[in-house]
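Please open the structure in your viewer and keep the sequence panel beside it. This tour suggests what to select at each stop and then says what is there.

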Amino acid sequence: MPGETDLETLLESMHPVVREGDYVYALWPHGKLLEGDIEAAVREAEGLTVVLRRDEADRLGLHYDFVAAWITLQIHSALEAVGLTAAVSSALTHAGISCNVLAGFHHDHLLVPAAEAGRALDVLRLLGRGIVLRDEQPEDRPAILALAAKAFSVSPVTGEPVQGTPVEVGLLRELFECDEYIPNLSIVAEIAGEVVGHVISTRAWVGDLELLGLGPIAVEPTLQRRGIGSALMRETTLRATAAGERGIALLGSTSYYPRFGYVPAATVGVAPPDAAWGDHFQLLRLPAWPDGVRGTFRYAAPFERL
C-alpha cells in the first residue's frame, strides 16, 4: 500500500504514540562489531551513530547525553511526502521542544526530550486539528485586537451586545505596551496562519509577592468549544510553571476555570481587588507557591484604569 502524500491528511491522521522506555543517541566504538538491540543507525564520516534504549546503552557501556522519548506518527507517510517534517518541527519549535526526526519506510519517528513527552503529544494532537500555539509577535497585534473585538462583542457578564468597542480591546493595547508585559506569556493560537485565539498573562502582585494576572483570553466565536481556549489555558500553566511563577489569578466563570485547577482566591488567602467579585476571582497555585500568602491582589497598571 503506497504511503500518504497529502499534508492535510497526514496531519489529521498522525495518531502520535510514545514507545515505552527512554532512548539515547550514542557513538558506536570504532572497529567494534555491532551487537545488542540497535533501533537505528546513521553512518557519518566521523563514525557510526546508534539509537537504542537507555538501559541497553547502559548494558553496553556506551556514553550518551541526550535522553529522549520516542514518538511514532502512525500514519503511513510516503518518503516523497512534502511538508510533514516541517509542520511538526515548526509546531514543536514554537513550543520550545527540541526534536530529532527519523524517517522509516512506513512512519516518521520523533525523539524529543524525555521530560517533554507529554507536552509534545499535546502539541502534535493540536497540530492534527490544524492548531499551532506560539508566542505573540508585534505584527500579530492588529489581528489580536480584531479577534478581541469579535470575541467580546457580547458581554460575558450581561450576555447583551456591547455598544461600541469592547473595553478588552483598549485593555489589550495598553497591556502590550506596559511594564508588566511578559513576552512569552502572550500566546497566540493560529490555524493556517490565521490568529484564532489569544491569551495574555501579565505581572501582578500580592504585597511584594510576584504573581500573574491572566486575561483577557479570546477565541474566534465560530471556533469556540473546540478546545482552543483549553489549549491556551494549559499552555499558560505550563509556561508559567517552567518559569518558576508562583500562581495565576483571573476573573471568570466558576463553572469553566476550576477544570484547570483554579479555586476561589479567598480560600488560599488572596482577596480580590473588588470584594464584589466573590468566588469569580480565582487563583491557580503553581508548584512554587509559598506558604502563608495573605493580602489583596493587584493587577498590572492598565487594569487599574478600567
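## First stop: a cavity

Begin by selecting Ala91, Ala95, Val123, Leu126, Leu127, Ile131, Val132, Leu133, Glu235 and Arg239, which together line the largest cavity. The model you are looking at is a predicted one. If you colour the chain by element, you will find that helix 4 (117-128), strand 8 (131-135) and helix 7 (228-242) each supply at least two residues of this lining. The volume of the largest cavity is about 70 Å³, and the structure holds 1 cavity of 30 Å³ or more.

## Second stop: the nonpolar cores

In soluble globular proteins, nonpolar side chains tend to be buried together. Select next Val270, Leu283 and Phe297, which touch the most other members among the 32 residues of the largest nonpolar core. Two or more residues of this core come from each of helix 5 (141-151), helix 6 (167-177), strand 10 (194-206), strand 11 (209-219) and strand 15 (281-285), and helix 6 gives the largest share, with 5 residues.

Now centre the view on valine 270 and show what surrounds it: leaving aside neighbours within four places in sequence, valine 270 is in contact with Val206, Ala265, Phe281, Leu283, Trp289, Val293, Gly295 and Phe297. A second core, separate from the one just described, has 26 residues, including Ile131, Leu212, Ile248 and Leu284. Ile131 may already be highlighted in your viewer, since that residue is also listed in the lining of the largest cavity.

## Third stop: strand 7 and its partners

Move on to strand 7 (residues 108-113), which is mostly covered, with 6 of its 6 residues buried. Which strands pair with strand 7? Strand 5 (residues 67-73) does so in the antiparallel sense over 6 bridges, and strand 6 (residues 100-103) also pairs with it in the antiparallel sense, over 4 bridges. Strand 6 and strand 7 form a hairpin, with 4 residues between them.

To see both pairings at one position, select leucine 111 in strand 7: tryptophan 70 stands opposite this leucine, and asparagine 100 stands opposite it as well.

## Last stop: two cysteines

Finally, select cysteine 99 and cysteine 178, and ask of each whether it is buried or exposed. Cysteine 99 is partly exposed, with a relative accessible area of 24%, whereas cysteine 178 is buried, with a relative accessible area of 16%. With sulfur atoms within 2.5 Å as the requirement, the count of disulfides comes to 0.

Key: Residues numbered from 1 in each chain as written. Predicted model: local features only at pLDDT ≥ 70, side-chain atom pairs only at ≥ 80, totals over all residues. Heavy atoms only, no water. Buried < 20%, exposed > 50% of the residue type's maximum accessible area, 1.4 Å probe, protein only. Pairing = 2+ DSSP bridges. Core = buried A, V, L, I, M, F, W, Y, C linked by side-chain atoms within 4.5 Å. Contact = heavy atoms within 4.5 Å. 1 Å grid on protein atoms, 1.4 Å probe; cavity = no way out; pocket = protein on both sides within 12 Å on 5 of 7 lines; lining within 4 Å. Points joined across faces, edges and corners; volume = space filled by probe spheres on them.
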